[in-house]
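Colleague: I am new to this structure. Could you walk me through how to read its features?
Modeller: Gladly. Bring it up and ask away.

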Amino acid sequence: MRPTRAEIDLEAIAHNYRVVSEVAGPAKVLAVVKADAYGHGVVPVARRLQQEGARGLCVALAEEGLELREAGIHTDIVVLNGAYGHAHGEVLAAGLTPVVYDIAQVEAFAAAAGGRAFGVHLKVDTGMARLGVPLAELGRFLERFGAIPGARIDGLMTHLACADSDDGFTAEQLQRFTRAQHVVRAHGHRPKVLHAANSAATFRHPSSRYDLVRCGIALFGFPNAPGVEAALRPAMRLRSEVVALRWLEPGAPVGYDGTFRAARRTLLATIPVGYGDGLMRMGSNRGAALLRGRRAPIVGNISMDLTTLDVTDVPGVAVGDEAVLFGSQRGPDGELARIDATEVAEACGTIPYEVLCAISRRVPRFYGPGPASRS
Ligand SMILES: Cc1ncc(COP(=O)(O)O)c(C=O)c1O
């Protein structure tokens with residue numbers, strides 16, 4: 001078997017959950033586990049969070065919620081993007097809580113409920129301009145909602161576009177959300193919970209915490225909140241091993257299109273991981289891996305299955321050595337070296353969310369406490 005794998009530290013996720021719960025309190029945390037728990041593997045992550053007493057989970061798709069129910073997850077699950085197609089009956093039967101933002105969705109749920117009462121969370125667009133009933137259309141939406149038998153607004157929510165970057169815009173969004181609450185109440189609805197905050201808002205905007213916060217990236221170790229020190233631990237470590245070593249003479253090219261040429265006599269290591277595994281190709285000639293606790297630059301273009309590293313400055317490097325693409329590694333003297341997903345993202349012009357979600361199905365996930373949890 002290929003020695004490439006993603007090691008997922010479930011204790012780090014549980015720890016991060018406790019950190020965000022502490023920050024958010026008295027608000028409770030909905031753990032956002034969409035997109036296979038940001039690449040960490042949704043079922044083991046959800047089980048660990050349920051064991052930790054998570055107030056609920058959020059997924060994007062009905063099918064993600066159904067997968068969790070089939071795996072025996074019984075906690076509340078909010079389906080953030082509602083139901084597409086004809087899944088309304090299945091969503092209600094599985095006890096998932098749908099988010100709605102369009103009257104046709106509410107009608108479809110009512111038809112599926114066949115006269116029985118059902119609860120939804122209503123999403124209002126306060127500036128994200130993606131999903132959500134626009135504030136200007138909220139009154140009209142609620143008039144139509146009131147005529148649908150059985151439909152009940154259990155939650156009112158919005159999503160913040162710039163909680164990590166623009167405090168002024170966030171304040172405007174929260175003001176619009178306050179107006180939305182008035183409109184909803186004026187139409188006779190009494191939502192039991194209000195929620196708006198993602199991870200960044202949970203850390204940076206206390207007034208956005210309301211009853212529930214929806215945290216995703218923070219659970220996986222990244223607060224996404226500039227200026228905030230948070231004791232979070234990255235939960236995924238991507239590792240492989242050296243399978244070949246060769247010396248290159250000065251001027252020799254490496255990989256497809258020869259985008260790297262050895263400037264000196266260079267020791268090159270090949271590791272069996274590539275963009276087919278979700279390693280960002282943009283990291284070619286920019287990123288690095290850890291070997292024996294040292295950084296070895298990625299040289300040449302990353303290919304689908306293989307990546308090459310300049311290991312000239314790694315003393316004693318040998319075939320079979322572990323190479324860490326992100327995560328931590330102990331060097332020979334016990335020192336801890338680290339490359340985290342934020343650093344990879346910066347090198348690749350993207351965000352840590354994409355670096356984590358990109359790790360493909362071909363990479364087996366191994367679960368347990370990682371080195372940080374053990375030490
Ligand atoms: C509606 C909604 N709420 C919450 C989140 C969680 O965001 P974060 O991972 O930044 O905490 C997301 C993720 O994109 C989302 O789409």
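Colleague: Which residues line the second largest cavity?
Modeller: Keep in mind that this is a predicted model. A cavity is a space where a probe fits but cannot get out. Here the lining is made of Lys123, Val124, Asp125, Thr126, Met128, Arg130, Leu131, Thr158 and His159. By class, that lining divides into three nonpolar, three polar and three charged residues.

Colleague: What is the volume of the second largest cavity?
Modeller: About 30 Å³. The count of cavities of 30 Å³ or more comes to two.

Colleague: How much space lies in the largest pocket?
Modeller: A pocket, unlike a cavity, is an open set of points. The largest pocket holds about 610 Å³ of space. Its lining has 26 residues, and those nearest its centre are Lys34, Arg130, His159, Asn198 and Tyr353. Helix 2 (34-38), helix 9 (199-204) and helix 11 (352-357) are the elements that give two or more residues to this lining. Arg130 and His159 also appear in the lining of the second largest cavity.

Colleague: How many residues of each class line the largest pocket?
Modeller: There are 15 nonpolar, six polar and five charged residues.

Colleague: Why does the largest pocket lie between the two domains?
Modeller: Look at who supplies the lining. Domain 1 (9-220) and domain 2 (236-374) both give residues to it, so the pocket lies between them.

Colleague: Which residues are closest to the ligand?
Modeller: The closest are Lys34, Tyr38, Ser199, Ile217 and Tyr353, out of 14 residues that surround the ligand.

Colleague: Where do polar atoms of the protein lie 2.6 Å, 2.9 Å and 2.5 Å from an oxygen atom of the ligand?
Modeller: For this, look for pairs of N or O atoms within 3.5 Å. Tyr38 places a polar side-chain atom 2.6 Å from a ligand oxygen atom. Tyr353 does so at 2.5 Å, again with a polar side-chain atom. With Gly216, a backbone N or O atom lies 2.9 Å from an oxygen atom of the ligand. As for cover, the ligand taken alone exposes 400 Å², and the protein buries 93% of that.

Colleague: Which residues does a cis peptide bond join?
Modeller: Check the omega angle. Gly25 and Pro26 are joined by a cis peptide bond, with omega about 10°. Pro26 sits in the loop between helix 1 (10-24) and strand 2 (28-32).

Colleague: Which residue has a positive phi although it is not a glycine?
Modeller: Ala37, with a phi of about 55°. Ala37 is found in helix 2, one of the elements in the pocket lining.

Methods: Residues numbered from 1 in each chain as written. Predicted model: local features only at pLDDT ≥ 70, side-chain atom pairs only at ≥ 80, totals over all residues. Heavy atoms only, no water. 1 Å grid on protein atoms, 1.4 Å probe; cavity = no way out; pocket = protein on both sides within 12 Å on 5 of 7 lines; lining within 4 Å. Points joined across faces, edges and corners; volume = space filled by probe spheres on them. Helix = DSSP H or I, 4+ residues; strand = E, 2+ residues; numbered from the N terminus. Nonpolar A, V, L, I, M, F, W, Y, C, P; charged D, E, K, R; others polar. Domains from an automatic or database assignment. Near = heavy atom within 4 Å. Polar contact = N/O pair within 3.5 Å; in protein donor to acceptor, adjacent residues only side chain to side chain. Areas by Shrake-Rupley, 256 points an atom, 1.4 Å probe, with all protein chains shown as cover.
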